[in-house]
Amino acid sequence: MAPTGDNVVVSNMKLERMLSMKGGNGEASYVNNSQAQGQHAQSMLHLLREILDGIQINPEADIPFVVADLGCSCGSNTIYMIDVIIKHMTKRYEAMSYNPPEFSAFFSDLPSNDFNTLFQLLPPYGGSSMEECLASDGHRSYFAAGVPGSFYRRLFPAKSVDVFYSAFSLHWLSQVPDIVLDKRSTAYNKGRIFIHGANESTANAYRNQFQNDLAMFLRSRSEEMKRGGSMFLVCLGRTSVDPTDQGGAGLLFGTHFQDAWDDLVQEGLITSEKRDNFNIPVFAPSLHDFKEVVEANGSFIINKLEVFRGGSPLVVSHPDDAAEIGRALANSCRSVSGVLVDAHIGYQLSNELFSHVESRATTQAKELLENLQFFHIVASLSLA
């Protein structure tokens, strides 16, 4: 039975067990609303290939070459990127007149991820040998497995992974900072569901949470990565030094989405306290926020660290159609936050909320297309 809206606040302990992009194949599913992420990832392929060219090749090693996607979600983007990585490494081996090794790919995300939908998208394994796999159109040339768990902890055996790839995931925090939901704290995010435009204490609480999470992420990967391997990371970023200005993430979650929550309060469908107890666990860091953690960790060398303009998260067929733009924004919001919203206020009120998002976005469609732009932190790291 769908929740009715009388749910308790989603606790931080429960967040890890339930956070996921919206599964299935529905209109608001991640599968059908991740085209922008795919386009942004493809625009960075030249950076990824530069990093792959720096990976040390050991032709004598009689073990698989291992690639792991952390925060893989459930769409086809992860399959495409794994394929890019493995084909590029295969060409590197062949260019050096070495036989390519067997390849193994691990798709990792939280246990609540829709792995069923993801694995249904996987092409079949190509054949009995690597040569047969590489020669088979529409087949994959690697062994695949799912790894459920939080990437803020260990996921793999020590020194077992050659390439870590993670895109559009590290801005998701392990939890909403406790003090943000504490009425006695100056960081209490009263009247808001995101930190865009919040007070300095609230923003600093989110920044500290992001940096603590990233530190745990790096500690785990430093133990799991093979010597000579590399890590390519992409997450939402911001160009402002002010953490209360969350850039594109702020426009996605801090404007029409925020106003829709306020609509539910004004219509008496939820209490203001119910709204205030919901906060999006996302933080878009600056370059300084990110670099500070990597340098303090000391396990990795920064090969590349930059802000990359990704573009709009809205992919529409008719840019002059305001209704399509409004629907695209609502579906985009719901595909990444709908699971949390459903748990907090129930499925029926969630429908009402995203209907308000769509209506509000439709009235501001032109401004949305012009102003809603994402920037990403792009990092390439190798073991020190």
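Which hand does the crossing of helix 9 and helix 13 have, left or right? To find out, open the predicted model and follow the stops below.

**Stop 1: helix 9 and helix 13**

Select residues 256–266 for helix 9 and residues 347–363 for helix 13. Their axes come within 8 Å and cross at roughly 125°. Angles from 65 to 115 degrees count as roughly perpendicular and those over 145 as roughly antiparallel, so helix 9 is oblique to helix 13. The crossing is right-handed, which settles the opening question.

Now show the side chains at the contact. On helix 9, pick H256, F257, D259, A260, W261, D263 and L264. They meet L349, E352, L353, F354, H356, V357, R360 and A361 of helix 13. By class, this contact of helix 9 with helix 13 has nine nonpolar, two polar and four charged residues.

**Stop 2: helix 3 and helix 4**

Next, select helix 4, residues 77–95, together with helix 3, residues 45–53. The two helices pack at an angle of about 40°, and their axes are 10 Å apart. This angle makes helix 3 oblique to helix 4. Helix 3 passes helix 4 in a right-handed crossing.

From helix 3, show L45, L48, R49, L52 and D53. Their partners in helix 4 are Y80, M81, V84, I85, H88, M89 and R92. Sorted by class, the residues of this contact are eight nonpolar, one polar and three charged.

**Stop 3: a cavity**

Keep L45, L48 and M81 on screen, since they also help line the second largest cavity. Add A41, M44, Y165, A167, F232 and V234 to complete the lining. Helix 3, strand 4 (161–167) and strand 5 (225–237) each give two or more residues to this lining.

What classes of residue make up the lining of the second largest cavity? Nine are nonpolar, and there are no polar and no charged residues. The volume of this cavity is about 40 Å³. The structure holds two cavities of 30 Å³ or more.

**Stop 4: a pocket**

Finally, select N58, A61, I63, P64 and Y93. Of the 20 residues lining the second largest pocket, these are the closest to its centre. About 450 Å³ of space lies in this pocket.

Which element gives the most to the lining of the second largest pocket? Strand 5 does, with four residues. Strand 5 is therefore worth keeping selected from the previous stop, where it also gave residues to the cavity lining. The pocket lining has ten nonpolar, five polar and five charged residues.

How values were computed: Residues numbered from 1 in each chain as written. Predicted model: local features only at pLDDT ≥ 70, side-chain atom pairs only at ≥ 80, totals over all residues. Heavy atoms only, no water. 1 Å grid on protein atoms, 1.4 Å probe; cavity = no way out; pocket = protein on both sides within 12 Å on 5 of 7 lines; lining within 4 Å. Points joined across faces, edges and corners; volume = space filled by probe spheres on them. Nonpolar A, V, L, I, M, F, W, Y, C, P; charged D, E, K, R; others polar. Axes fitted to C-alpha atoms, helices over the stretch in contact; angles between N-to-C directions. Parallel < 35°, antiparallel > 145°, perpendicular 65-115°, else oblique. Left-handed = near helix turned anticlockwise from the far one by under 90°. Contact = heavy atoms within 4.5 Å.
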